[in-house]
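Good morning, everyone, and thank you for making time. Please take a moment with the sequence and the structure before I walk you through the strands and the cores.

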Amino acid sequence: MFSFFKKKETRFVLGAPAKGKAVPLSEVSDPTFAEEMLGKGMAVIPSEGKIYAPADGEVGMVFDTLHAVSMTAADSGAEILIHVGIDTVQMKGEGFTGHVKAGDRVKKGQLLLEVDLEKVKAAGYDPITPMLVCNTTDYASVEGLTGNDVNPGDDAVVIEK
């Protein structure tokens, strides 16, 4: 009752998907990410191989090769893509372990994927992990917070309605 008196939330924050160094998408060596073709966000140069949910929401897809996961944030409706490494699809799942599947409801900070970073590097791939808001145009702004070392769940992307 009286919910119409409640102020609607207009600012949402996504947490970092991994421990490491937060960098702008422009530092990702793949132009699809660097030029924000799939959406705005940020990337993490991971220091450990665990990928966590950046928000409460629902998993949309876990790629067969386990190198990427998409989800929709419950509070903002943000369509999030977390892509572990560049060209790691070529690894065909080798070195990756999935902990969720499409349709799973997840909480911020829940483990989504694990990756053997040494295996990724040994195979010649960059483990940098972009996190994008694919429906960026639905929002007034989507801004990645970069330049710091982050732990999973630390503020990483600010979304304004």
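Let me begin with terms: strands here are DSSP runs (E, at least two residues), numbered from the N terminus, and two strands pair if DSSP finds at least two bridges between them. This is a predicted model, in which local features need pLDDT of at least 70 and side-chain atom pairs count only at pLDDT 80 or more, while totals for chains, interfaces and linings use all residues. Residues are numbered from 1 along each chain as its sequence is written, and side-chain values use heavy atoms, with hydrogens and water left out.

With that in place, there is an open sheet of three strands, in the order β1-β14-β12, and its pairing is antiparallel. At its edges, each pairing on one side only, are β1 (11-15) and β12 (141-144). Five bridges join β1 to β14, residues 155-160, and within that pairing Phe12 stands opposite Ile159.

Ile159 also leads us to the interior, where a nonpolar core means a set of buried Ala, Val, Leu, Ile, Met, Phe, Trp, Tyr and Cys residues joined through side-chain atoms within 4.5 Å, buried being under 20% relative accessible area with a 1.4 Å probe, protein chains only. The largest such core has 36 residues, and Ile159 is among those that touch the most other members, as are Leu14 and Val157. A second, separate core has ten residues, including Phe33 and Ile128.

Elsewhere, β5 (residues 57-62) and β6 (residues 68-73) form an antiparallel pair over five bridges, with Val59 opposite Met71.

Methods: Helix = DSSP H or I, 4+ residues; strand = E, 2+ residues; numbered from the N terminus. Buried < 20%, exposed > 50% of the residue type's maximum accessible area, 1.4 Å probe, protein only.
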